[in-house]
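These are my notebook entries on charged side chains and their surroundings. I began with the pairs of opposite charge and then turned to the surface.

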Amino acid sequence: MSKKNQYHPALAVTQIRNHVTVTLGMDNDQYPLWVALFMNHAKSTRVLHHIITPNSGKPAPPVTDDEKELWETVDAMVLQWIYATVSTELLETIVESDSTAMECWRRIEDIFQDNQHSRAVTLEQEFSATSMADLASISAYCQRLKSLSDQLKNVGAPVTNNRLVLQLVSGLTSAYQNVGTIIRQKEPLP
C-alpha cells in the first residue's frame with residue numbers, strides 16, 4: 001500500500017469534545033487534567049509527536065510530497081483539536097497564523113507553567129479561606145476543599161492529608177462543632 005492510500009487514525013476523529021471533555025480556560029485550573037486527556041487522545045491516535053518531541057529526538061521528517069501532505073493535514077487536525085478544547089479568551093491568546101500544533105502546545109504550556117507560583121499563592125489563599133458557610137452542603141464543602149487541594153498539588157504546592165482534615169474541621173459551621181471536636185481528638189487524624 002502506498003503512503004498516499006494510507007489512512008491516519010487522527011482523521012477519523014470528528015468530535016474531539018467526546019475525548020477531551022474539559023475546556024481549558026485562562027481562569028480555571030484544569031490544565032493538568034486537560035493535558036492528561038489531550039495527551040492520552042494524542043497517543044491513541046498516533047499524533048503525540050505533533051505536540052511533544054519524542055524521547056528519541058525529532059521525528060523523522062516527511063520525505064515525499066504525499067508524506068508532507070499527510071503530515072500537514074494531521075498537524076492541522078491536531079491544531080484544530082487544541083483550538084476546540086480551549087476557551088475563547090485562551091484561543092485569542094494562542095492563535096498565530098502558520099503555527100504548528102507543537103508551537104501552539106508550547107505556547108499553552110508557557111502560559112500555565114509561567115504562572116505556577118502566582119496560581120499557588122491564589123489557590124492557597126482560597127483554600128485557607130474556604131468555609132462550609134460559603135457552600136450549600138457538607139458534600140459541596142468537602143468537594144471544594146478536595147478540588148483546591150488537587151489544584152495546589154498540580155501547581156507544585158501539595159497539601160498534606162493532615163492539613164486537609166484540619167482545614168475541613170476549621171471551616172465547619174456550628175451545627176458540626178461536635179463532629180469537629182471528635183475529629184480533632186483522633187490520633188492519627190482520619
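Entry 1. I looked up Asp-150 first and found a relative accessibility of 32%, so Asp-150 counts as partly exposed. I kept in mind that this is a predicted model. Asp-150 forms a salt bridge with Lys-146, with 2.7 Å between the closest N and O atoms. The two residues stand four apart in helix 6, which means that about one helical turn separates them. Lys-146 is partly exposed as well, at 39% relative accessibility.

Entry 2. I then searched the whole structure and obtained four salt bridges. One of them joins Glu-124 and Arg-163, whose closest N and O atoms are 2.2 Å apart. This pair links distant parts of the chain, for Glu-124 belongs to helix 5 (residues 116-129) and Arg-163 to helix 7 (residues 161-170), 39 residues apart. I noted a relative accessible area of 27% for Glu-124 and of 29% for Arg-163.

Entry 3. I examined Arg-144 and Glu-126, whose side chains meet in a salt bridge at 2.0 Å, N to O. Here helix 6 (residues 138-154) supplies Arg-144 and helix 5 supplies Glu-126, with their positions 18 residues apart in the chain. Arg-144 is partly exposed at 26%, and Glu-126 is partly exposed at 33%.

Entry 4. Which residues form a negative surface patch? I found Asp-65, Asp-66, Glu-69 and Glu-72. Glu-72 sits in helix 2 (residues 65-84). Its relative accessible area is 54%, so I recorded Glu-72 as exposed.

Terms used:
Residues numbered from 1 in each chain as written. Predicted model: local features only at pLDDT ≥ 70, side-chain atom pairs only at ≥ 80, totals over all residues. Heavy atoms only, no water. Patch = residues over 30% accessible without salt bridge, like charges linked within 9 Å, V, L, I, M, F, W, Y side chains within 5 Å. Areas by Shrake-Rupley, 256 points an atom, 1.4 Å probe, with all protein chains shown as cover. Lys, Arg positive; Asp, Glu negative; His and termini not counted. Charge placed at Lys NZ, Arg CZ, Asp CG, Glu CD. Buried < 20%, exposed > 50% of the residue type's maximum accessible area, 1.4 Å probe, protein only.
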